[in-house]
Amino acid sequence: MQRVCFLLKVRPERLAEYRERHENVWPEMLAALSGAGWRNYSLFAREDGLLVGYLETEDFAAAQEAMARTGVNARWQAEMAPFFEGLDGRGPDEGMVPLTEVFHLD
């Protein structure tokens, strides 16, 4: 099982709307994430827009590829892209900055 933690930066002026959008993630998107092997997936946000994501999956690259093959992911990423800084034309799922795990306790 891979534990994956990543960073993104939400535009501070859009953080409230970003949070609201995640209170009602499309059921089709939730099903796609589960079907692609994303487990125990959480997002945490700081008031300045720093977003920390955490998930567990058997193979992160395969889980990302599985999501990239879904139409719902393309629609979701297109809707979410304007909320983020520094994507340089990439979708949020392509702009994730993975962190290296330095400690873990079971």
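Here is a quick look at the strands, a loop and the main pocket of this structure, which is a predicted model.

Let's start with strand 3, since two neighbours pair with it, as the table shows.

| Strand pair | Sense | Bridges | One facing pair |
|---|---|---|---|
| strand 1 and strand 3 | antiparallel | 8 | Cys5 and Tyr54 |
| strand 2 and strand 3 | antiparallel | 5 | Ala45 and Leu51 |

The side chains of strand 3 go back and forth nicely: Leu51, Gly53, Leu55 and Thr57 are buried on one face, while Leu50, Val52, Tyr54 and Glu56 sit on the other and are not buried. That is how a regular strand works, with side chains alternating between the two faces of the sheet.

Strands 2 and 3 form a hairpin with 4 residues between them, and there Gly49 has a positive phi near 100 degrees. Arg46 is in that same stretch, the loop between strand 2 and strand 3. Its relative accessibility is 48%, so Arg46 counts as partly exposed, as the cut-off for exposed is over 50%. The Arg46 side chain makes a polar contact of 2.7 Å with the side chain of Asp48. Asp106, on the other hand, is 60 residues from Arg46 in sequence and 26 Å away, C-alpha to C-alpha.

Now for the pocket. The largest one has a volume of about 480 Å³. Its lining takes in 26 residues, with Met29, Leu33, Tyr41, Leu43 and Trp76 nearest the centre. Strand 1, helix 2, strand 2, helix 3 and helix 4 each give two or more residues to that lining. By type, the lining has 18 nonpolar, 6 polar and 2 charged residues.

Technical notes. Residues are numbered from 1 along each chain as its sequence is written. This is a predicted model: local features need pLDDT of at least 70, side-chain atom pairs count only at pLDDT 80 or more; totals for chains, interfaces and linings use all residues. Side-chain values use heavy atoms; hydrogens and water are left out. On a 1 Å grid over the protein atoms alone, a cavity is a set of points where a 1.4 Å probe fits but cannot get out, and a pocket is an open set with protein on both sides within 12 Å along at least five of seven lines; lining residues have an atom within 4 Å of a point. Grid points are joined across faces, edges and corners, and a volume is the space filled by probe spheres set on the points. Ala, Val, Leu, Ile, Met, Phe, Trp, Tyr, Cys and Pro count as nonpolar, Asp, Glu, Lys and Arg as charged, and the others, Gly among them, as polar. Buried means under 20% relative accessible area, exposed over 50%, partly exposed in between (1.4 Å probe, protein chains only). A polar contact is a pair of N or O atoms within 3.5 Å; within protein, one must be able to donate a hydrogen and the other to accept it, and residues adjacent in sequence count only if both atoms are side-chain atoms. Two strands pair if DSSP finds at least two bridges between them.
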